[in-house]
Amino acid sequence: MAKAAQLASRKRTKSIAAAPQKRQKIAFTSPPVISAHPQHLTEKRRRSKTPAASTRQALQQITAPRSNAGKSLQPNVLSNDDDIMQRTTRSRSKSVIPSGLLPTPKTAQATPGKTNVLPTDGSSQRKARESRSKSVVGAQGRTPGKARKLEKLRKEVNDLNKNNWNVGTKEWIKKFKQILPLFLDPTQNEVEYVKNGLELEKMLTRKGGLESYDKIYIVKEKTGLGIEIPDSRFDIRNVCQLLGDDFDIGVIDVERQQTEKMKLGDFANEMMKKKGRTKILNAISLEITNLPQISSMFEQPKMVRKLSMTQKLIDIGHLPKNLHPTVRNYLLMGMKDSYTNSHCDFGGTNVYYHLVSGKKVFLVAPPTENNLKMFADFELRQNRTEWFFDQVLEDVRMFELERGMTLMMPGGWIHSVFTLEDSIVFGGNYLSLNKINIHLRIHEIEEELIQKQVIDYSLTFPNFELIQLRVLKWILLPKLVEANDQKLDMEMVDRIGWAAIYHINQYKNALLESEKTRRGKRMIKEYERTFTDLDQQMKQQERLKKTNKLRTRQTSAVPSLQ
């Protein structure tokens, strides 16, 4: 998360002066997608507005012309109630989520020229409003209202680009805030709000387990998450008391989108100013795992600890402390109007993100094949006046994160973050077996960027290849050996583990080649023997399948990989 944002800031300093030369396209393999096949759940109708809707209204009121003062400005989008009400229709939109990652979302329908928000008055008016909302779905599954909104958004973004402002400058931020309300709300199949950690756990259990985690969840209350966090009174002054004013931190100058070193005390002085700020600063790279003054106050969510590949290796004693990746726990501090440009977290890692204070707005795009290829090409261009999301506007969704909420985002989602109020965040990154195909695909992009000298290894997930190889040797291969000895179908007994074995084996040459630059020959030979053993065990599994000698064992839909 933090390193990916640093990457976005460090490499935007170069502008393209001459016509770009023809670049070689990044080649992507197409391994099968790990899917937990979640079942559709029936939700009760809710009348409360989502935080994203309230954000739109607030932003529209801020940016509205004076002639509209006193008027209620409602965005021409469906409320949460409309979306749920219209799921009885048979029309479906074309899903923006890759097949197998998320269920195909059902399209909500809008009425041309009408504001589709359920009224708060009598039932007769409500029924009339509901009747008007049932319109014919437009071409390619888009409602007329959505199509008009996208058209308006595209026009505004084109106007923004015509100015050739660098991303993050005051002029760019001012225009960006005006167009922010035009972005589309996410569907429930893309982003889902849950009351607390207990509800999230029950929801995932019904789907088959934690490994069925397949979309963005926003947890409104931390109850049941198993997370330990300071309360909302914790602020920048507390950080200075714990670490000292002379502690060095990395901050991003938002206007220049460049990272610089600064004393914590100096940063605190700027952040505590209510007026007359000379810079907008964003500190998003303070990793606190090895800072006991702060880390002793903090504990990751229980779900993260159970899914993390790193934690699995630590628990069985096969990842010594000197190899622990220092990306697990971050303290992030951002001023109002901070903007973190579009990025994908290093190694395609999953993200957890708890907002202690303040407000944030997220723009996200799913990790489809097309989006990832376009993003890789965007990263190669290193053009500071270019904004990635204007290339995939139809796939971009907006939602708000408020104080006390926790974001759980699967790996690979391309996202940018805008800070509505001064904010303090605790968060981190982790790898998981159920998203290993995404992790390896993003790693492939990063290797291409390294070869073209766009980034270096310091901006990638620490010990990524080593962790994959050790998980294979000490967790996955023993499971396959056990399945063969008992003549069990590995795919039926542990579908997530079997898929992870397949993906790592597909990338074995790239993983070994990367490790050769960092490890000794003895360790490389050891992992080559591991792949030799794996090949033999996979062949044995296939022989047992062909001869129908495999037994199946009753298991849950998504077996746990504890």
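Helix α19 tucks its buried residues against four other helices: α15 (464-485), α16 (490-493), α17 (495-506) and α18 (508-516). This is a predicted model, so treat what follows as a tour of that prediction. We'll start with α19 and its neighbours, then turn to the salt bridges, of which the structure holds 25.

**Helix α19 itself**

- Helix α19 covers residues 521-546, which makes 26 residues.
- At 1.5 Å a residue, α19 should span 38 Å, and its end C-alpha atoms are indeed 38 Å apart, so the two agree.
- Which residues of α19 are buried? They are I524, Y527, T530, F531, L534, Q537, M538, Q541 and L544.
- Many helix patterns come down to simple geometry: an α-helix has 3.6 residues a turn, so residues three or four places apart point the same way.
- Just after α19, N548 takes a positive phi of about 55 degrees.

**How α15 meets α19**

- The axes of α15 and α19 come within 10 Å and cross at roughly 30 degrees.
- Because angles under 35 degrees count as roughly parallel, α15 is roughly parallel to α19.
- The crossing of α15 past α19 is left-handed.
- On the α15 side, the contact is made by L466, L469, R470, L472, K473, L477, L480, V481 and N484.
- On the α19 side, the residues in this contact include M523, E526, Y527, T530, F531 and D533, along with L534, Q537, M538, Q540, Q541 and L544.

**How α17 meets α19**

- Helices α17 and α19 pack at an angle of about 130 degrees, with their axes 12 Å apart.
- That angle makes α17 oblique to α19.
- Here too the crossing is left-handed, with α17 passing α19.
- W498, I501, I504 and N505 of α17 make the contact with F531, L534, M538, Q541, E542 and K545 of α19.

**A salt bridge within one helix**

- Some background first: side chains of opposite charge can pair when their charged atoms come close.
- K155 forms a salt bridge with D159, and their closest N and O atoms are 3.5 Å apart.
- Where do K155 and D159 lie? Both are in helix α5 (residues 144-162), four residues apart, which is about one turn of the helix.
- K155 is exposed, with a relative accessible area of 52%, and that puts it over the 50% cut-off.
- D159 is partly exposed, at a relative accessible area of 24%.

**Salt bridges between distant parts of the chain**

- R397 forms a salt bridge with E190, the closest N and O atoms being 3.2 Å apart.
- This pair links distant parts of the chain, 207 residues apart: R397 is in strand β9 (residues 397-402), while E190 is in the loop between α6 (170-179) and β1 (191-194).
- Are R397 and E190 buried or exposed? R397 is buried, and so is E190.
- D494 forms a salt bridge with K479, with closest N and O atoms 3.7 Å apart.
- D494 sits in the loop between α16 and α17, and K479 in helix α15, so this pair also links distant parts of the chain, 15 residues apart.
- D494 counts as buried because its relative accessibility is 3%, under the 20% cut-off.
- K479 is partly exposed, with a relative accessible area of 25%.

**A salt-bridge network**

- Four residues, D253, R256, E260 and K279, are linked in a network of salt bridges.

How values were computed. Residues numbered from 1 in each chain as written. Predicted model: local features only at pLDDT ≥ 70, side-chain atom pairs only at ≥ 80, totals over all residues. Heavy atoms only, no water. Helix = DSSP H or I, 4+ residues; strand = E, 2+ residues; numbered from the N terminus. Expected span 1.5 Å × (residues − 1). Buried < 20%, exposed > 50% of the residue type's maximum accessible area, 1.4 Å probe, protein only. Contact = heavy atoms within 4.5 Å. Salt bridge = Lys/Arg side-chain N within 4 Å of Asp/Glu carboxyl O. Axes fitted to C-alpha atoms, helices over the stretch in contact; angles between N-to-C directions. Parallel < 35°, antiparallel > 145°, perpendicular 65-115°, else oblique. Left-handed = near helix turned anticlockwise from the far one by under 90°.
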